[in-house]
Amino acid sequence: MSQTVDRALSILPLLAQGPADLGQVAERLDVHKSTALRLLRTLHEHGLVYRQQDNRYRLGARLFALAQEAVENLDVREIAHPHLVKLNEQVGHTVHLAVHEENEVLYIDKVESRYPVRMYSRIGKPVAITVAAVAKLLLADLPEAERRALAERLDFPLYTPRSIPNASAFLRELATVREQGWATDLGGHEESINCIGAPIRGTDGRAVAAMSVSAPNVVVTAEELLTLLPLLRRTADVISREYSGTTHSKEART
């Protein structure tokens with residue numbers, strides 16, 4: 001790395017600690033003020049630093065925009081996959097990862113159960129949006145107006161007697177999921193299949209994906225599956241921290 005680039009980049013962590021004047025920057029870099037000024041002007045031209053009215057410099061808005069863009073372009077599947085595999089090794093059941101895109105919730109990753117009885121879900125396939133645990137998590141995170149508009153335009157097929165029957169019941173379910181931070185599908189899509197889910201959150205606390213553990217009744221009962229909820233949520237929390245680069249996952253905003 002060239003000395004000039006190295007010095008310029010060294011300014012950013014300095015300003016991350018708070019605004020600094022030209023003298024402070026020059027002292028930290030151990031350069032003449034004229035050199036520090038040239039570096040600051042270059043960074044200012046690119047929007048990475050901003051000169052305040054008191055002649056001190058702080059980080060510029062463009063830097064935060066770039067950071068947010070980088071986070072949004074992270075491949076959540078790539079980050080989550082090893083954790084999905086580890087969870088699958090621990091519990092033995094099918095593990096899914098899903099995202100909300102263009103009015104559909106899609107599976108983007110799957111680790112198969114080690115048991116002979118397996119699910120027919122596949123990567124790229126839309127989920128049953130009114131009953132799936134991952135769908136409830138992602139839709140519950142939408143603003144209230146969007147949740148209501150979505151509920152009013154959805155059909156509510158009765159896959160089983162436990163399927164959510166209408167928009168009112170769906171909105172109540174989403175409100176519960178939003179409050180508790182996890183979701184279930186206990187025979188709502190297939191009577192013989194139960195599922196528990198947890199959200200994966202980004203830097204703003206919003207759900208960027210959801211993950212789930214699913215198993216048939218012949219392998220594990222719904223009550224037994226629910227005992228895995230703490231482990232599932234811890235795994236989702238680890239993925240959230242890795243995805244967002246934070247030391248702790250954030251709760252969903254109200």
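**Helices and nonpolar cores**

Visitor: Which residues of α6 are buried?
Guide: In this predicted model, local features need pLDDT of at least 70, side-chain atom pairs count only at pLDDT 80 or more, and totals for chains, interfaces and linings use all residues. Residues are numbered from 1 along each chain as its sequence is written, and side-chain values use heavy atoms, leaving out hydrogens and water. Helix α6 covers residues 133–140 and is mostly covered, with eight of its eight residues buried (under 20% relative accessible area with a 1.4 Å probe, protein chains only; helices are DSSP runs of H or I with at least four residues, strands runs of E with at least two, numbered from the N terminus). The buried residues are Ala133, Val134, Ala135, Lys136, Leu137, Leu138, Leu139 and Ala140.

Visitor: Which element supplies the largest share of the largest nonpolar core?
Guide: This core (buried Ala, Val, Leu, Ile, Met, Phe, Trp, Tyr and Cys residues joined through side-chain atoms within 4.5 Å) has 28 residues, and Val105, Val127, Val134, Leu139 and Phe170 have the most contacts inside it. At least two residues each come from β4 (104–111), α6, α7, α8 and β7 (207–216). The largest share, seven residues, comes from α6.

Visitor: Which residues does phenylalanine 170 contact beyond four places in sequence?
Guide: Phe170 is among the residues with the most contacts inside the largest core. With neighbours within four places left aside, its contacts (heavy atoms within 4.5 Å) are Ile129, Thr130, Leu139, Ala151, Leu154, Phe156 and Ile164.

Visitor: How many residues of the contact of α7 with α8 are charged?
Guide: Helix α7 (residues 144–153) packs against helix α8 (residues 167–180) at about 145 degrees, with the axes 9 Å apart (lines fitted to C-alpha atoms over the stretch in contact, the angle running from 0 to 180 degrees between N-to-C directions). Arg147, Arg148 and Ala151 of α7 meet Ala167, Phe170, Leu171, Leu174 and Arg178 of α8. Of these residues, five are nonpolar and none polar (Asp, Glu, Lys and Arg count as charged; Ala, Val, Leu, Ile, Met, Phe, Trp, Tyr, Cys and Pro as nonpolar; the others, Gly among them, as polar), and the number charged is three.

Visitor: Is threonine 235 buried or exposed?
Guide: Threonine 235 lies in helix α10 (residues 229–244). Residues up to four places away in sequence aside, Thr235 touches His83, Leu87 and Met211. Because its relative accessible area is 10%, threonine 235 is buried.

Notes:
Buried means under 20% relative accessible area, exposed over 50%, partly exposed in between (1.4 Å probe, protein chains only).
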